[in-house]
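Visitor: Got a minute to walk me through this one? I'd like to go through it piece by piece.
Guide: Sure, let's pull it up.

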Amino acid sequence: RYPEENHGEGFPSGVEYFAFPCDLQIHKESYPNQIHTFLLTKSDGSRTYGCCFSTQVKMNPRRLSVVRMQLAGVLIQSLDPEIEELPTIIYEPKCVVVLMALPFF
């Protein structure tokens, strides 16, 4: 987060739902970067404009080992014979959100 200190009312709640509108998902392969914008409107009519740059990065090895153990438990419980091996590389989403009071994109 930058800047680390709050200016005005601080960081609006619920922005994470706009940053990842389709929920957080991990994938076995990387997908193209995405840019999207949104508008937060409060009950008093004030607006906060947002722009999100989303990308996917390889999961670090320590986190990957935890996720692989969780996936292994799911695969063991599954009766689907077409399930592939556990992936050795997993991509996780990262998002940079820029918030502003004026609509300058």
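**Pro103, the pocket and the sheet**

Guide: This is a predicted model. Let's start with Pro103: its relative accessibility is 47%, so it counts as partly exposed, the class between buried (under 20%) and exposed (over 50%).

Visitor: Where does Pro103 lie along the chain?
Guide: Pro103 is in the segment that follows strand 3 (91–100).

Visitor: And how far apart are the C-alpha atoms of Pro103 and Cys51?
Guide: They are separated by 9.8 Å, while along the chain the two are 52 residues apart.

Visitor: Switching to pockets. What volume does the second largest pocket have?
Guide: About 330 Å³.

Visitor: Which residues lie nearest its centre?
Guide: Phe20, Asp23, Gln34, Ser54 and Gln56, out of 16 residues that line the pocket. Strand 1 (34–41) and strand 2 (47–58) are the elements that each give two or more residues to that lining. Strand 2 has the largest share, with three residues.

Visitor: How many of the lining residues are nonpolar, polar or charged?
Guide: Eight are nonpolar, seven polar and one charged.

Visitor: OK, now the sheet. What's the strand order?
Guide: It's 1-2-3, in an open sheet of three strands with antiparallel pairing. Strand 1 and strand 3 are the edges, each pairing on one side only. On average, neighbouring strands are turned by 25° against each other, ignoring direction.

Visitor: How many bridges join strand 2 to strand 3?
Guide: Ten, and the two strands run antiparallel.

Visitor: Which residue in strand 3 does Tyr49 stand opposite?
Guide: That's Met100.

Conventions:
Residues are numbered from 1 along each chain as its sequence is written. This is a predicted model: local features need pLDDT of at least 70, side-chain atom pairs count only at pLDDT 80 or more; totals for chains, interfaces and linings use all residues. Side-chain values use heavy atoms; hydrogens and water are left out. Helices (H or I, at least four residues) and strands (E, at least two) are DSSP runs, numbered from the N terminus. Buried means under 20% relative accessible area, exposed over 50%, partly exposed in between (1.4 Å probe, protein chains only). On a 1 Å grid over the protein atoms alone, a cavity is a set of points where a 1.4 Å probe fits but cannot get out, and a pocket is an open set with protein on both sides within 12 Å along at least five of seven lines; lining residues have an atom within 4 Å of a point. Grid points are joined across faces, edges and corners, and a volume is the space filled by probe spheres set on the points. Ala, Val, Leu, Ile, Met, Phe, Trp, Tyr, Cys and Pro count as nonpolar, Asp, Glu, Lys and Arg as charged, and the others, Gly among them, as polar. Two strands pair if DSSP finds at least two bridges between them. Axes are lines fitted to C-alpha atoms, for helices over the stretch in contact, and angles run from 0 to 180 degrees between N-to-C directions.
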